[in-house]
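Please examine the following protein with its sequence and its structure side by side. The account below proceeds from a single residue to the wider architecture.

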Amino acid sequence: MPPVPEPWSTAARELLPALRSWRKSFHEEPELSTQEHLTQAKVTRALTELGIPYRAYDGFTGVVGLIGDGRPGPVVALRADMDGLPVTEETGLPFRSRFPGRMHACGHDVHMTSLLGAAALLSRRANALGGPVKLLFQPAEEEGSVGGALPLIERGCLERPHVAFVVGQHVDPSLPLGRIGWRVGPFMAAADFFRIVVRGRGGHAATPHQGPDAIVIASEIVVGLQALVSRVRNPFDPVVVSVGSVHGGTRDNILPEKVVLEGTVRTMRPETRDLMERSLRRRVRAIAASLGATVRIEYRRGYPSLVNDPDATRTVADALRVEFGRANVVETEHALMGAEDFARYLERVPGTFLRLGVGRAGHPASLHSATFAPDERALVVGSATLAAAAVGLQRAGRARAAG
Ligand code: NI
């Protein structure tokens, strides 16, 4: 019997001073999607200090590190996103954002730090690795349409060496600190976006009969879209349609010539995604035509739905139970209607996306809020999670290849 190695968490706790300092540095200087230049430099500096070879790119802020190059066995890629959000921080933390209007309000500072932590742990025990480990630092997750995963994939991050499994994680304030959430199958939604321009005839509000009233027709459309959710899709298949902005008009007694509606459609299945686009276009045109207005519909597809591979997810959950104990590794109750760029990797390579608990009593701040301040002990859990997941997948992959 080989000696039982100490838990990754024990080694990760010893790393805490380094984790804190990386996290502080990321958190103080958040950068928006595709602008992560300082962040990229910090990542490459940290990898250099750890003695880990990496590839950085000109004109693109991603970084790909590689541990254990040439080792036999499956390659596992671990991914962290890098961008902050256009939010002015109100946490009062000593290391709060130095940039007004920019904040790591989605915890991507925690994700990057955890990936560096895992890299430090794995490179120290590189001889124990069951294959190479790639580190994907990916920009522009929050951008929402092209994102940063596709450009990184186009630059070859899943090849040379070819990646067999991919793992990512996201902080989750609804899970208590110390817990990790997993789920098999569809886990996060596809997010598409629409813009509808309704054109009627402008005029005096006292003579609405003289032309189609864009405001009344736009209102019919807003209400009519909800009937798509309740009457077009299967009730067991989750769908969200939300109109997030309505613009039209200047004052109380003038009917505007046009109204612009903008919103989002969230779906879990590709068939439902197509169905909702078709149905939305048809319904909007029908409502407008029946009331004599013209419409223009722009429909833009964002990230696809995120689907966790059943085998890889169960293998990772098993490895995490050994690491953290049964009670701390929980199947999440339901899928989420948020979207995540990580879906692009999972379209190409099996793997899993985990939720990293950062919730604490009396601290209800949600993701994207100006007061979001995850407990830094999550850095230890996040680092150990990625390290344990990578080694667990490699072990299972080698056992399968040998069996
Ligand atoms: Ni995020």
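In this predicted model, Leu-177 is a convenient starting point: because its relative accessible area is 24%, and buried residues have under 20% while exposed ones have over 50%, Leu-177 counts as partly exposed. Leu-177 sits in the loop that links strand 5 (163-176) to strand 6 (180-182). Leaving aside residues up to four places away in sequence, Leu-177 touches Gly-357, Val-358, Gly-359, Asp-375, Arg-377 and Ala-378. One of these partners, Asp-375, is 198 residues away from Leu-177 in sequence, yet the two C-alpha atoms are 7.5 Å apart in space.

The nickel site comes next. The nickel ion has as its protein donors Cys-106 through SG, His-108 through NE2 and His-170 through NE2, at 2.1 to 2.2 Å. Along the sequence these donor residues follow the spacing C-x1-H-x61-H. Of the donors, both Cys-106 and His-108 are buried.

Helix 8 (residues 310-324) can be checked against an expected length. The helix has 15 residues and the expected span is 1.5 Å times one less than that number, so it should extend over 21 Å; the C-alpha atoms at its ends are indeed 21 Å apart. At the start of helix 8, a side-chain oxygen of Asp-309 comes within 3.3 Å of the backbone nitrogen of Asp-311. Just beyond the other end, Gly-325 adopts a positive phi of about 90 degrees. Buried residues of helix 8 include Ala-312, Val-316, Leu-320 and Phe-324, and among them are also the polar or charged Thr-313, Thr-315, Arg-321 and Glu-323.

The nonpolar interior can be followed in a similar way. The largest nonpolar core comprises 64 residues, and Leu-78, Leu-122, Leu-135 and Phe-137 have the most contacts inside it. Helix 10 (residues 378-402) supplies the largest share of this core, with twelve residues. A second core, separate from this one, has 23 residues, including Phe-194, Ile-221, Val-241 and Ala-288. Returning to Leu-122, its contacts beyond four places in sequence are Trp-8, Ile-67, Leu-78, Leu-129, Val-133, Ala-387, Ala-390 and Val-391.

Finally, how is the chain divided into domains? The domain assignment gives domain 1 as 8-188 + 305-402 and domain 2 as 190-301. The C-alpha centres of domain 1 and domain 2 are 38 Å apart. Where the domains meet, eleven residues of domain 1 are in contact with ten residues of domain 2.

How values were computed:
Residues numbered from 1 in each chain as written. Predicted model: local features only at pLDDT ≥ 70, side-chain atom pairs only at ≥ 80, totals over all residues. Heavy atoms only, no water. Donors = N, O, S within 2.8 Å, 3.2 Å for Na, K, Ca; no water. Buried < 20%, exposed > 50% of the residue type's maximum accessible area, 1.4 Å probe, protein only. Helix = DSSP H or I, 4+ residues; strand = E, 2+ residues; numbered from the N terminus. Contact = heavy atoms within 4.5 Å. Polar contact = N/O pair within 3.5 Å; in protein donor to acceptor, adjacent residues only side chain to side chain. Core = buried A, V, L, I, M, F, W, Y, C linked by side-chain atoms within 4.5 Å. Domains from an automatic or database assignment.
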